[in-house]
Amino acid sequence: MTESSHENVPSRQRRRFPGISSRAYEHPADRSALVALRKLTGFDTVFKALSGLLPERSLRLLFLSDSVRVSDEQFAHLNDMLRDACYILDLEKVPPMYVKQDPQPNAMCIGLDEPIIVVTTGLVELLDEEEMRAVVGHEVGHALSGHSVYRTILLFLTNLAVKVAWIPLGNVAIMAIVTALREWFRKSELSADRAGLLVGQDIQASMRGLMKIAGGNHLHEMNVDAFLAQADEYEKGGDLRDSVLKILNVLPRTHPFTTVRAAELKKWSETREFQRLMDGHYPRRGEDKDASVSDSFRESAAHYADTVRTSKDPLMKLVGDIAGGAGDLGGKLRDKFTGAGSGGGSATNGAPGRPQDPEEGSSGPSGPSGPSGPSGPLKD
């Protein structure tokens, strides 16, 4: 294949999605927030007016001066992947992409006026071509959704929270906003994982990439089915104490846990929604202005209700029981917290609860994770 042909078609035959709207792959919770924000007249204008307060210009100069810009002359294979991803998702303007020296596997998409994509050398060295293609598609999905605007705001607010920590209640107010943004942020990562699958069109490569992010480049020692089984065990295991620990563990994170991301993506790849999308039936970008905010919120609410109804997590099951009018609430709470009625009480054994993996940072493609800026595998 000649060099010029890479400008127009993917490096191997893949389905293309002309005019696709990001609503086609966005997680319901992510989609409802974005539809509402896009309906706010002048929203983007106001945020862009704040660009002088944000670290975007500084970050652009930093990457330009201290990283390698992807092009036909530098990291040409990544440049081909980037153009392929933009071609498949029909993103007209190819965002600049940089490779940054950092052993931590990581990627991100930031920017208010124009998104930029950054990947670390740790990530480039960890993943094979098809796994990396899914990551590049993940980042292009962020750009198409407009996530980079709101992620840049989150980075700014996270840094601001540190600076105003001495002001009474100031830090509390900002951290409340940051916590809410992080919940959206985690759902937006699930959206971008879906975009990565649409670009790579290889679910096994997507699974391998997430598994490597969790366990390193030792595929001969790992198994996708066993990795997905971990996600199932994580969701349904333990009692209410473990459920509370799960919430506390995930609150400071900008990304869902890696096993959870893998399970969510695998589940979506097996839905009729995904098959219809692959068959060419998807919402178009030109229809975005007519998208209903109320419909999006109803879809989001229905998703959360279904999550509670089908979840194997002890806390979610209890919430479902309460919502369903289950009786003997006091007894249920006692049994859930003590482990009684769970097959002989083996969940307790007198221990304070099953230890949780203290994994810090994030799990996947890209994002700011704290006051010092982006860190952790695949953060945007």
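This report walks through the fold, the cores, a cavity and two unusual loop residues of a predicted model.

## Ground rules

Since the model is predicted, local features need pLDDT of at least 70 and side-chain atom pairs count only at pLDDT 80 or more, while totals for chains, interfaces and linings use all residues. Residues are numbered from 1 along each chain as its sequence is written, and side-chain values use heavy atoms, with hydrogens and water left out.

## The chain overall

You're looking at a chain with 16 helices and four strands; these are DSSP runs numbered from the N terminus (helices are H or I, at least four residues; strands are E, at least two). Of its 380 residues, 47% are buried, meaning under 20% relative accessible area, with exposed over 50% and partly exposed in between (1.4 Å probe, protein chains only).

Take the contacts (heavy atoms within 4.5 Å) with a separation of 6 or more: 74% of them link residues 24 or more positions apart. The accessible surface is about 18100 Å², and carbon and sulfur atoms hold 57% of that; the areas come from the Shrake-Rupley method with a 1.4 Å probe.

## Nonpolar cores

In soluble globular proteins, nonpolar side chains tend to be buried together. A nonpolar core here is a set of buried Ala, Val, Leu, Ile, Met, Phe, Trp, Tyr and Cys residues joined through side-chain atoms within 4.5 Å. The largest one has 47 residues, and V119 and L198 touch the most other members.

Leaving out residues up to four places away in sequence, L198 touches F17, I20, Y25, I88, L89, W268, F274, L277 and M278. Apart from the largest core there is another, of seven residues, including L59, Y98, I116 and V118.

## A charged little cavity lining

There are two cavities of 30 Å³ or more. A cavity is a set of points on a 1 Å grid over the protein atoms alone where a 1.4 Å probe fits but cannot get out, and lining residues have an atom within 4 Å of a point. The second largest has a volume of about 40 Å³, taken as the space filled by probe spheres set on points joined across faces, edges and corners.

Its lining is H27, L190, D193, R194, R261, E264 and L265, with α8 (170-200) and α12 (258-269) each supplying at least two residues. Four of the lining residues are charged (Asp, Glu, Lys or Arg), alongside two nonpolar and one polar.

## Two positive phi values

D90 isn't a glycine, yet its phi is about 60°. D90 sits in the loop between α4 (76-88) and β2 (97-100), and counts as buried because its relative accessibility is 19%.

Q201, also not a glycine, has a phi of about 55°. Q201 lies in the loop between α8 and α9 (203-215) and, at 25% relative accessibility, counts as partly exposed.

How values were computed. 1 Å grid on protein atoms, 1.4 Å probe; cavity = no way out; pocket = protein on both sides within 12 Å on 5 of 7 lines; lining within 4 Å.
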